[in-house]
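Here is a short briefing to read alongside the structure. Have the viewer open, and we will go from the overall fold to a few strands and their partners.

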Amino acid sequence: MSSLSSFLRIDPETRRVFLDARDPAFYSEPNHTYAALHAACPTFYWEEQRQWFCTGYDTVNALLRDRRFGRQILHIATREEIGMPEPLAHTRHFDAAEAHSLLELEPPEHTRLRTLVNRAFVSRHIEKMTPEIEALANRLIDGFEKDGETELLSSFADIIPVTMIARMIGIPEEMGPQLLKWSHDYVGMYMFKRSRADEEAADRSAREFADYVRSMIAARRAEPRDDLLSHMIHTEHKGQFLTEDELVSTTIVLLNAGHEATVHQIGNSVRVILESGIEPATLFCDPKTTERTVEETLRICAPVHIFQRYCLEPAEVDGVSFKRGDKVSLILAAANLDPAKFTDPLTFRPDRDEGVNLSFGAGIHFCIGAPLARLELNLVLPILFRRLPGLRLARRPTVKDVYHFHGLERLDLEW
């Protein structure tokens, strides 16, 4: 058993790992821990989580596409069969909102929902939003440029993704702050070692969020508009329309996924670029270098670290046997740092051309909002660094204690 620090112990022989995910030394700089895991046992049993985890790029990439594993299990097994506890009474509203989530379903339900939504998120439609995104970014910078300093998350990063996804769906922009609050509470359910208070806050916000979405659905049924919500309500797939519950779940997941990760990634990317010491002008001199810079920031500081799957039939992965109902977690952010895939993986190298990062996943659950997130990052980062020459960190950023998401509490900048 090797003890690498106060929060991490690895036994390479048994592939048992003791790791405190709430230790700031871990979640502030998780890449160093991932490097240690790659060196000792890329597939390991995390004792505190009582589950197997995979970090190897090839393993994670394959499992994301492996149909022997899925996001749900109760479509082929009962709770009793796999020893799954009954749902918690105090999270019933959250569970109802998640019941038809694109993130949680398997075919054929997943195929039907995704087909209805996917058209709005293909690149050729998303790219039409370029002028709006650029105008919003410039307007926000106009508001703080003269100050010589700003807290970038609240003045910029929080606002752009939620505004754009709300416009797409057809939610009034003035709802932005409320959507952020509901979303922050909602994702508390995905934190490791969440508390009863976290669960109650998520359930309360899920109920309020769902009630609001139902009111918007009623309004669009009565008066359709040229927006995604109207499209989802009035478009059929093979003779079927989405039910009201499906519309609620899908709208909530699109609003949450459509901004939560991108907010984190804007902050993460700015931090990585500023700490790298590389002159920003060289990173954004043309669309090609901009795209490579964005992909490298996604690789080295992904906003979502873990994607969990159930074993649907007996399977063996990297020498580990899984039975039906077992869970396995894929650490996307660690797969991006696999030294077998990427040379010098902990170093920010924007000229890197060694393969695709897995920050948006892969397979049928590949992030539907990836084209929108990539477009926002490719547009707003160059604008920010061009408008604010001499941009620098005013103080060392603090990382949020929300593992397995990865983002900053605040990002104080000056110029």
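With 415 residues, a compact globule would have a radius of gyration near 22 Å, and the protein chain of this predicted model has 21 Å, so the two agree. Along its principal axes, the C-alpha trace spans about 60 × 55 × 40 Å.

**Overall make-up**
- The protein chain holds 19 helices and 15 strands.
- Of its 415 residues, 56% count as buried.
- Take the contacts between residues at least 6 apart in sequence: 71% of them join residues at least 24 apart.

**Surface and charge**
- About 18000 Å² of the protein chain is exposed, and carbon and sulfur atoms supply 51% of that area.
- There are 49 positive and 63 negative side chains in the protein chain.
- The centres of these two charge sets lie 2 Å apart.

**Strand S3 and its neighbours**
- In a regular strand the side chains alternate between the two faces of the sheet.
- Strand S3 (residues 16–19) shows such an alternation: Val 17 and Leu 19 point to one face and are buried, while Arg 16 and Phe 18 point to the other face and are not buried.
- Strand S2 (residues 8–11) pairs with S3 in the antiparallel sense, over four bridges.
- Within that pairing, Asp 11 has Arg 16 of S3 as its bridge partner.
- Four residues sit between the strands in the hairpin of S2 and S3, where Arg 15 takes a positive phi near 60°.
- S3 also pairs with S4, in the parallel sense over two bridges, and Trp 46 in S4 is the bridge partner of Val 17.

**Strand S5 and its neighbours**
- Strand S5 (residues 51–54) is covered on both faces: Gln 51 and Phe 53 are buried on one side, and Trp 52 and Cys 54 are buried on the other.
- Strand S4 (residues 43–46) and S5 pair in the antiparallel sense over four bridges, with Phe 53 of S5 as the bridge partner of Phe 44.
- The hairpin of S4 and S5 has four residues between the strands, and Arg 50 there takes a positive phi near 55°.
- S5 pairs with strand S11 (residues 327–331) as well, in the parallel sense over three bridges.
- The bridge partner of Trp 52 in S11 is Val 328.

**One to check in the viewer**
- Which residues of S5 lie on the side with Trp 52, and are they buried or exposed? Cys 54 shares that side with Trp 52, and both are buried.

Note on methods
Residues are numbered from 1 along each chain as its sequence is written. This is a predicted model: local features need pLDDT of at least 70, side-chain atom pairs count only at pLDDT 80 or more; totals for chains, interfaces and linings use all residues. Side-chain values use heavy atoms; hydrogens and water are left out. The radius of gyration is taken over C-alpha atoms; the globule rule is 2.2 Å times the number of residues to the power 0.38. Buried means under 20% relative accessible area, exposed over 50%, partly exposed in between (1.4 Å probe, protein chains only). Contact means heavy atoms within 4.5 Å. Accessible areas come from the Shrake-Rupley method with a 1.4 Å probe; for residues, only the protein chains shown count as cover. Lys and Arg count as positive and Asp and Glu as negative; His and the chain ends are not counted. The place of a charge is taken as NZ of Lys, CZ of Arg, CG of Asp or CD of Glu. Two strands pair if DSSP finds at least two bridges between them.
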